[in-house]
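Open the model in your viewer and show side chains as sticks. This tour moves from selection to selection, with a short note at each stop.

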Amino acid sequence: QVQLIESGGGLVQAGGSLRLSCAASARTFSSDSMAWFRQAPGKEREFVALINRSGRSTAYADSVKGRFTISRNNAENTVYLQMNNLKPEDTAVYYCAAGPISTSWTQYVYWGQGTQVTVSS
């Protein structure tokens with residue numbers, strides 16, 4: 001059974017920072033690229049960031065480039081999303097996903113349960 005468990009969400013003021021974590025089962029982590037997506041109320045799920053298996057290649061949505069950093073620790077089967085200079089428009093449920101390298105959420109099979117991030121103005 002593949003499991004992805006996110007943590008680290010919460011309420012923060014605009015300009016603040018949060019660090020999301022996603023703990024994955026070993027079978028998932030050793031073979032898959034990892035990504036973060038987010039979904040705000042009434043909106044479609046959107047790509048945030050991805051990282052390949054080795055961690056040497058990353059990609060970001062334009063809206064978060066320069067503010068968010070994705071990283072992974074393969075020894076601990078964990079992927080992180082460091083979010084700095086948060087804005088109210090970053091408010092959403094953030095999901096961790098495992099699968100092929102893709103910015104399309106439809107390509108990912110394994111998902112976590114999501115963690116809420118709320119940024120107040």
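In which loop is Asn77 found? Select Asn77 and follow the backbone both ways: Asn77 sits in the loop between β7 and β8. Keep in mind that this is a predicted model.

**Stop 1: two asparagines**

Stay on Asn77 and check its backbone torsions. Its phi is positive, about 55 degrees, although Asn77 is not a glycine. Most residues other than glycine have a negative phi. Now jump to Asn85, in the loop between β8 and β9. Asn85 is also not a glycine, and its phi is positive too, at about 50 degrees. Turn on the surface here: Asn85 is partly exposed, with 42% relative accessibility.

**Stop 2: the charged network**

Select Arg38, Glu46, Arg67 and Asp90 together. Salt bridges link these four residues in a network. A search of the whole structure gives 4 salt bridges.

Take the pairs one at a time. Between Arg38 and Glu46, the closest N and O atoms are 2.6 Å apart. How exposed is each partner, Arg38 and Glu46? Arg38 is buried, at 5% relative accessible area. Glu46 is partly exposed, at 34%.

Next, draw the salt bridge from Arg38 to Asp90, 2.9 Å from N to O. Arg38 belongs to strand β4 (residues 33-39), while Asp90 belongs to the loop between β8 (78-83) and β9 (92-99), so this pair ties together parts that are 52 residues apart in sequence. Both Arg38 and Asp90 are buried.

**Stop 3: another salt bridge**

Move to Lys65 and Asp62. They form a salt bridge, with the closest N and O atoms 3.1 Å apart. Asp62 is exposed, at 66% relative accessible area.

**Stop 4: a buried arginine with no salt bridge**

Select Arg72, in strand β7 (residues 68-73). Which side chain of opposite charge is nearest to Arg72, and how far away is it? The answer is Asp32, at 7.7 Å. Side chains of opposite charge can pair when their charged atoms come close. Arg72 has no salt bridge, because the cut-off is 4 Å. Yet Arg72 is buried.

What does the Arg72 side chain meet instead? Show Asn52: its backbone oxygen lies 2.7 Å from a polar atom of the Arg72 side chain. Then show Asn74, whose side chain makes a polar contact of 2.8 Å with the side chain of Arg72. Keep Arg72, Asn52 and Asn74 on screen to view both distances, 2.7 Å and 2.8 Å.

Note on methods:
Residues are numbered from 1 along each chain as its sequence is written. This is a predicted model: local features need pLDDT of at least 70, side-chain atom pairs count only at pLDDT 80 or more; totals for chains, interfaces and linings use all residues. Side-chain values use heavy atoms; hydrogens and water are left out. Buried means under 20% relative accessible area, exposed over 50%, partly exposed in between (1.4 Å probe, protein chains only). Helices (H or I, at least four residues) and strands (E, at least two) are DSSP runs, numbered from the N terminus. Lys and Arg count as positive and Asp and Glu as negative; His and the chain ends are not counted. A polar contact is a pair of N or O atoms within 3.5 Å; within protein, one must be able to donate a hydrogen and the other to accept it, and residues adjacent in sequence count only if both atoms are side-chain atoms.
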